Amino acid sequence: MNEIFTKSITYLLLIVGGYCLKKANVLQSKDFHVLSTISINLTLPCVLISIFESFYISLDWIYCILLGLVINIILIAAGYFFTRNRSRSTQALFMLNSSSFNIGGFVLPFFNGIYPATSIFYASMFDVGNAIMCTGLTYACAASRLDTSSKFQFKDFFKRIFSSVPFVTYMVMISLTLLNIHLPREVYQVTGIIGNANIVLVMIMLGLMVELKIDRDDFKDVILHSVIRYSILIVCAFLIYYFFPAPLIGKQILILSTFAPISSIMPAFSAKLNCKTSVYATINSLSMPISIIILSTLMTLWR
């Protein structure tokens with residue numbers, strides 16, 4: 001319990017630290033784009049590579065991978081459905097930020113030392129399906145809503161997918177695994193060191209995005225987003241607990257994973273699509289503390 005509390009406080013302090021650095025003019029809100037570029041193109045890919053050090057594909061894990069895919073698809077569809085009569089920019093914002101889970105950069109470090117490695121593997125497998133979506137496919141779907149041409153272009157769709165460094169990294173690593181090709185141990189050691197910086201970058205990015213003032217219309221969008229995301233996740237949690245084919249510890253790990261924060265890549269994708277900064281900044285800023293509270297509470301009750 002002490003370790004859960006310590007990690008929770010550490011993450012929250014990093015967010016507060018980022019906010020204080022902004023208020024002290026050491027960093028500015030625009031520095032978020034610099035940090036997000038570093039995260040997307042360097043530290044997050046290193047996190048993804050490190051995950052594959054002990055990764056292997058088994059039929060037993062296919063269900064977890066599919067679960068990560070299906071939940072993301074449901075959330076993307078829900079984000080679009082509830083904003084279908086709104087502007088295309090709002091639709092893209094909700095499609096991006098209603099879905100995705102920060103597993104590699106938040107959940108796995110959070111679980112480390114608390115749960116055995118064999119149990120944490122359920123979260124890693126869930127993240128494979130999740131990452132396939134959030135590192136490229138979700139962005140391509142959201143970007144397609146901003147395309148005013150009536151004809152869907154597969155060329156543009158795939159171009160958007162493969163413009164994402166994390167998505168390409170995941171595809172390369174999965175391909176190597178399927179071919180039974182393993183990188184030298186030294187590579188994983190280097191990527192592990194670099195990847196450890198990602199969680200710090202993400203927390204500071206969230207701190208830079210925090211805005212204590214928000215207008216009424218934006219606040220309504222934040223509330224709508226929270227209702228959409230967490231109501232669906234609660235239903236998914238019950239379905240996982242009662243129907244998913246896994247031992248109890250596996251079900252608990254998967255439920256905790258579904259309440260992970262929004263992926264750290266989504267604010268960067270939102271900025272790339274020129275979505276409304278005040279909305280996605282507030283959504284992502286709130287996502288982290290909400291997840292810390294939910295995960296800490298559930299983990300304490302289950303231990």
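**Exercise 1. Find how much space lies in the second largest cavity, and work out what surrounds it.**

*Solution.* Start with the volume: the second largest cavity holds about 70 Å³ of space. Keep in mind, as you work through these exercises, that the model is predicted. Next, look at the walls. The lining has 13 residues, and V202, L206, I262, S264 and N284 are the closest to the centre of this cavity. Now ask which elements supply them: α9 (185–209) and α13 (277–302) each give two or more residues to the lining. The largest share, four residues, comes from α9. Finally, sort the lining by class: eight residues are nonpolar, five are polar and none is charged.

**Exercise 2. Count the cavities of 30 Å³ or more in the whole structure, then describe the largest one.**

*Solution.* Begin with the idea behind the search: a probe the size of a water molecule, rolled over the atoms, shows where empty space is left. For the whole structure, the search turns up four cavities of 30 Å³ or more. The volume of the largest is about 110 Å³. Step inside and you will find 15 lining residues, with L44, F101, D127, C134 and S263 nearest the centre. Two or more lining residues come from each of α2 (31–51), α5 (103–111) and α6. Of the elements, α6 gives the most, with five residues. To finish, split the lining of the largest cavity by class: seven nonpolar, seven polar and one charged.

**Exercise 3. Identify the residues that touch the most other members of the largest nonpolar core, and follow the contacts of F111.**

*Solution.* First, the core itself: it has 98 residues, and I71, F106 and F111 touch the most other members. The largest share of this core, 14 residues, belongs to α6. Then pick F111 on your display and leave aside residues up to four places away in sequence. The contacts of F111 are then K7, I120, A123, I253, L256, S257, L295 and M299.

**Exercise 4. Place D147 in the fold and decide whether D147 is buried, partly exposed or exposed.**

*Solution.* Locate D147 along the chain: D147 sits in the loop that runs between α6 (117–145) and α7 (154–161). Then check the relative accessible area, which is 23% for D147. Buried would need a value under 20%, and exposed one over 50%. D147 is therefore partly exposed. As a last step, compare sequence and space: D147 and V235 are 88 residues apart along the chain, and their C-alpha atoms are separated by 33 Å.

Methods:
Residues numbered from 1 in each chain as written. Predicted model: local features only at pLDDT ≥ 70, side-chain atom pairs only at ≥ 80, totals over all residues. Heavy atoms only, no water. Buried < 20%, exposed > 50% of the residue type's maximum accessible area, 1.4 Å probe, protein only. 1 Å grid on protein atoms, 1.4 Å probe; cavity = no way out; pocket = protein on both sides within 12 Å on 5 of 7 lines; lining within 4 Å. Points joined across faces, edges and corners; volume = space filled by probe spheres on them. Nonpolar A, V, L, I, M, F, W, Y, C, P; charged D, E, K, R; others polar. Core = buried A, V, L, I, M, F, W, Y, C linked by side-chain atoms within 4.5 Å. Contact = heavy atoms within 4.5 Å.
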